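Biologist: Got a minute? I'd like to go through this model with you.
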Amino acid sequence: MSELTLTVVRLGLLALMWLFVFSIVGVIRSDLYGTRIVQRGEGGRSRVRPTENAPRSRLRGRRPLSVLAVVDGSLRGTTVPLKESGVLLGRNPECTLVIDDDYASGRHARVYFDDRCWYVEDLDSTNGTFVDGHRITEPTPLKEGTQLRIGTTVLELGR
């Protein structure tokens, strides 16, 4: 090989190496700093009607569980309507509830309706999901008033 060809190959490999390094730094940066929370409505609180898209309860005379409320953490007072398709919790902007918490993963947990009750499932998060103080490893049923902790954010299932 000529000297010119060898120099071009070396510079190409060097450029690819730096491109790889910058992509790794970008991924680490987005994981460390998460996403930015945009203020929603008055005082940064999101208020949603609790009965929208909630599954019908099989119990007569009682209102079905329909909201997931943040009771402690930076988003305290925020409520999210529960949908049969599920509610995704985490730091990614694609999540239904974006949690700005250093201990939350991008896609941390999912709350979904199956048969007769709501379940929470940890999505292989780094720091785990806790239900009433116990770390969960498999889908766990939720009842009204059950506290769900993701990092420093505490959520509660309600009507």
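Modeller: Sure, starting with the sheet. It is open, with 5 strands in the order β4-β3-β5-β6-β9 and mixed pairing. Strands are DSSP runs (E, at least two residues), helices too (H or I, at least four), numbered from the N terminus. Two strands pair if DSSP finds at least two bridges between them.

Biologist: Which are the edge strands?

Modeller: β4 (97-98) and β9, as each pairs on one side only.

Biologist: And how do β5 and β6 pair?

Modeller: Strand β5 (residues 109-114) and strand β6 (residues 117-122) are antiparallel, over 6 bridges. R110 stands opposite E121 in β6.

Biologist: What about confidence?

Modeller: This is a predicted model, where local features need pLDDT of at least 70 and side-chain atom pairs count only at pLDDT 80 or more, while totals for chains, interfaces and linings use all residues. Residues are numbered from 1 along each chain as its sequence is written, and side-chain values use heavy atoms, leaving out hydrogens and water. pLDDT is the predictor's confidence in each residue, from 0 to 100. The chain's mean is 81, and 81% of its residues reach 70 or more.

Biologist: New topic: how many aromatic pairs are there?

Modeller: The structure holds 3. Phe, Tyr and Trp rings (for Trp, the six-membered one) pair with centres within 6.5 Å; planes under 30 degrees apart are stacked, over 60 edge-to-face, the rest tilted. The W18 and F22 ring centres are 5.8 Å apart with planes at 40 degrees, so that pair is tilted.

Biologist: Where do W18 and F22 lie?

Modeller: Both are in helix α1 (residues 3-33), 4 residues apart, about one turn of the helix.
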